[in-house]
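Student: I should like to learn how particular features of a protein model are read. May we work through them one by one?

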Amino acid sequence: MPNYLEDARHAAEVTPMPAGFWIKALDEDDLQDVCRVEQTVFPREAWSEVMLHEELIGPFRVYVGVFDENNQMVGYAGTMHSPETAEIMTIGVIPEARGHGLGKAMTQALINASRILRTDSIFLEVRERNQVAQTLYEEMGFEEISRRPRYYHNPTEDAVIMRLLLDY
């Protein structure tokens, strides 16, 4: 019997990366690197080590990390899958590595994994003030479908809910 989740992780790992960077599917052995990136990218609302561990080992999850030429993790992203949909749980790139297209590459890796799992649509939430991310997602085919008032804190702001419909 095929292992579709492993196939999805492999599809994510073979996604082309910008020069000088490489990607791999993450597991619990990568927890400390994920925690370091999480604290750097989201210092005021970072997930705890326990939460991140649960995400990395959770069922129906695909998490990827991007590493630089020195084999240092500079970003990570992940999805949670159900039979028909996926939700991008997080995408983060450390400030020093931004501007290389890593967010886009990781998003594409998660889309590639979702296609292997025959997902109909992918959802995500983004801060209303994060226009850079919203523009990136729109360029990749995501559309705003609704808003969640006062969803984020530090500072408080709405979440823009976006969806990408996958066709086969």
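**Salt bridges, backbone geometry and a buried threonine**

Tutor: Arg127 forms a salt bridge with Glu157, and their closest N and O atoms are 2.7 Å apart. The term denotes a side-chain nitrogen of Lys or Arg within 4 Å of a carboxyl oxygen of Asp or Glu. The model is a predicted one, in which local features need pLDDT of at least 70 and side-chain atom pairs count only at pLDDT 80 or more, while totals for chains, interfaces and linings use all residues. Residues are numbered from 1 along each chain as its sequence is written, and side-chain values use heavy atoms, with hydrogens and water left out.

Student: Which parts of the chain does the pair Arg127 and Glu157 tie together?

Tutor: Arg127 lies in strand β5 (residues 121-127) and Glu157 in strand β7, so the salt bridge ties together parts that are 30 residues apart in sequence. Strands (E, at least two residues) and helices (H or I, at least four) are DSSP runs, numbered from the N terminus. Arg127 and Glu157 are both buried, where buried means under 20% relative accessible area, exposed over 50%, and partly exposed in between (1.4 Å probe, protein chains only). Through salt bridges that share partners, Glu45, Arg127 and Glu157 are joined into one network.

Student: How many salt bridges does the structure hold?

Tutor: The general idea is that side chains of opposite charge can pair when their charged atoms come close. In this structure there are eight salt bridges. One of them links Arg9 with Glu6, with 2.9 Å between the closest N and O atoms. Because Arg9 and Glu6 are three residues apart in helix α1, about one helical turn separates them. Arg9 is buried at a relative accessible area of 15%, whereas Glu6 counts as partly exposed at 40%.

Student: Are Glu55 and Arg61 buried or exposed?

Tutor: Glu55 is buried, with a relative accessible area of 10%, and Arg61 is buried as well, at 14%. These residues form a salt bridge in which the closest N and O atoms are 3.2 Å apart.

Student: I turn now to the backbone. Which residues does a cis peptide bond join?

Tutor: As a general guide, most residues other than glycine have a negative phi, and most peptide bonds are trans. Here a cis peptide bond joins Asn154 and Pro155, with omega about 0 degrees. Pro155 is placed in the loop between β6 (143-152) and β7 (157-165). Asn154 lies in the loop between β6 and β7 and, although not a glycine, has a positive phi of about 60 degrees. The relative accessibility of Asn154 is 43%, so Asn154 counts as partly exposed.

Student: Where is Asn71 placed?

Tutor: Asn71 is found in the loop between β2 (61-67) and β3 (73-81). Asn71 is not a glycine, yet its phi is positive, at about 60 degrees.

Student: Finally, which residues does Thr15 touch?

Tutor: Contact means heavy atoms within 4.5 Å. Leaving aside residues up to four places away in sequence, Thr15 touches Ile23, Ala105, Gln108, Ala109 and Asn112. Thr15 lies in the loop between α1 (4-13) and β1 (22-25) and is buried, with a relative accessible area of 6%.

Student: With which side chain does the side chain of Thr15 make a polar contact?

Tutor: A polar contact is a pair of N or O atoms within 3.5 Å; within protein, one must be able to donate a hydrogen and the other to accept it, and residues adjacent in sequence count only if both atoms are side-chain atoms. The partner is the side chain of Asn112, at 2.9 Å. The side chain of Thr15 also reaches the backbone oxygen of Ala11 at 3.3 Å.
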